[in-house]
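Here is a short walk through a protein model. Keep the sequence and the 3D view open as you read.

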Amino acid sequence: MGLSTIILAAGQGKRMRSNLPKVLQPLAGRPLLGHVLDCAAALQAEDVCVVHGHGAEAVRAAFPGDAVRWALQAEQLGTGHAVQHAMPGTPDKNRVLVLFGDVPLLTPGTCRRLVDETPQGDVGVLTVDMEDPTGYGRIIREGGSVTRIVEEKDASAAEKAVVEINTGVLVCPGDKLRGWLENLGNDNAQGEYYLTDVIAMAVGGDVTVHGVKADSWTEVMGINDKKQLAEAERALQARLVDELMQQGVGFADPARVDIRGTLTCGKDVFIDVNAVFEGDVELGDGVTIESNNLVRESKLGSGTMVHSNCHIEGATTGKDCESGPFARLRPGAELADNVNVGNFVEVKKSTIADGSK
């Protein structure tokens, strides 16, 4: 049975107070939606549909090369209504994984675990334990299986004490999901069609609903305003730096580095504080990046030293080069081996020969 992924990305995000659609807000140098699309690609989903709405043209234009099926939700009438718009092109034979365009830190590993731990004919819901679950739908279980999702306003005192909450992410058979969505109602205070109502339909139809817990709240946090966006930025940076440290990269302070793209490092690389890496950056063995440097779309050869306060963009260096402090390598700068670019020197579209100073 194949896998289809539906990504809900139609919301306006009023709390962002921005003209930019919420799913295009930048996180580690990429739009929020880009991180979710990366997750879907890593799962090798054979069908990926993005349900978009607010700022539809801008959202589509931001991902021109992605193999994505777009579904327009012109009027936002709830999560169930959004998934309905994706179903016409979703094969009944596939399992359907529902993700959210404003939940960018969810990892492929967690999604794969949700899919693998849910038998093909059943429904799986991604949950998480929270110290303070106030405001979130509680997961109610019987015999280990999920039987209900109770919203805060409807919860009893005992149900409010439950710390396991619903993240909204779920997986279920495509044919069953289609039938449940056709029977969704909007008899609620908001007049909207809620995807969570599918859980009650599944239980009522004797379909087992499995609750699979994410490892942490950070991974499943939704981004609704600039404060949460900043919190997600720091969480993602911590994850990226931790991965590099496990590979042997040294950092003076892991909390004071920003990676806004892909950073590839050799052995014995050391990075000092306030370093920013953007786009695809490659650091060879033994490279040292001192404090307050920006390196963008560049490749630095082994043994290279970048002194403080340099700006390096679109440049390549050979082995054992030295730049700065206060040097600028602009696009097209190509340094051979053992080149020294000193204080306040700027190089652009130039090839500097071996041993030059």
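**A pocket, two cores and a sheet**

Helix H1 (32–42), helix H9 (226–246) and strand S13 (257–265) each supply at least two residues to the lining of the second largest pocket. The model is a predicted one. H9 gives the most to this lining, with five residues. The volume of the second largest pocket is about 460 Å³. Its lining has 21 residues, and the closest to the pocket's centre are His35, Asp38, Leu236, Leu240 and Gly261. What classes of residue make up the lining of the second largest pocket? Twelve are nonpolar, five polar and four charged.

Now turn to the cores. The largest nonpolar core has 62 residues. Ile7, Leu33, Val83, Leu97 and Val123 have the most contacts inside it. Take Leu33. Neighbours within four places in sequence aside, Leu33 is in contact with Ile7, Ala9, Val23, Val50, Val59, Phe63, Trp70 and Gly101. Another core, of 30 residues, lies apart from the largest one. Ile271, Ile289, Ala333 and Val347 are among its residues.

Last comes a sheet. It is open and has six strands, in the order S12-S14-S16-S19-S22-S25, with parallel pairing. Which strands stand at the edges? They are S12 (250–251) and S25 (340–341). Each has a single partner strand, so one side of each is left without a neighbour in the sheet. Strand S22 (residues 322–323) pairs with S25 in the parallel sense, over two bridges. Here Glu322 stands opposite Asn340 in S25.

Technical notes. Residues are numbered from 1 along each chain as its sequence is written. This is a predicted model: local features need pLDDT of at least 70, side-chain atom pairs count only at pLDDT 80 or more; totals for chains, interfaces and linings use all residues. Side-chain values use heavy atoms; hydrogens and water are left out. A nonpolar core is a set of buried Ala, Val, Leu, Ile, Met, Phe, Trp, Tyr and Cys residues joined through side-chain atoms within 4.5 Å. Buried means under 20% relative accessible area, exposed over 50%, partly exposed in between (1.4 Å probe, protein chains only). Contact means heavy atoms within 4.5 Å. Two strands pair if DSSP finds at least two bridges between them. Helices (H or I, at least four residues) and strands (E, at least two) are DSSP runs, numbered from the N terminus. On a 1 Å grid over the protein atoms alone, a cavity is a set of points where a 1.4 Å probe fits but cannot get out, and a pocket is an open set with protein on both sides within 12 Å along at least five of seven lines; lining residues have an atom within 4 Å of a point. Grid points are joined across faces, edges and corners, and a volume is the space filled by probe spheres set on the points. Ala, Val, Leu, Ile, Met, Phe, Trp, Tyr, Cys and Pro count as nonpolar, Asp, Glu, Lys and Arg as charged, and the others, Gly among them, as polar.
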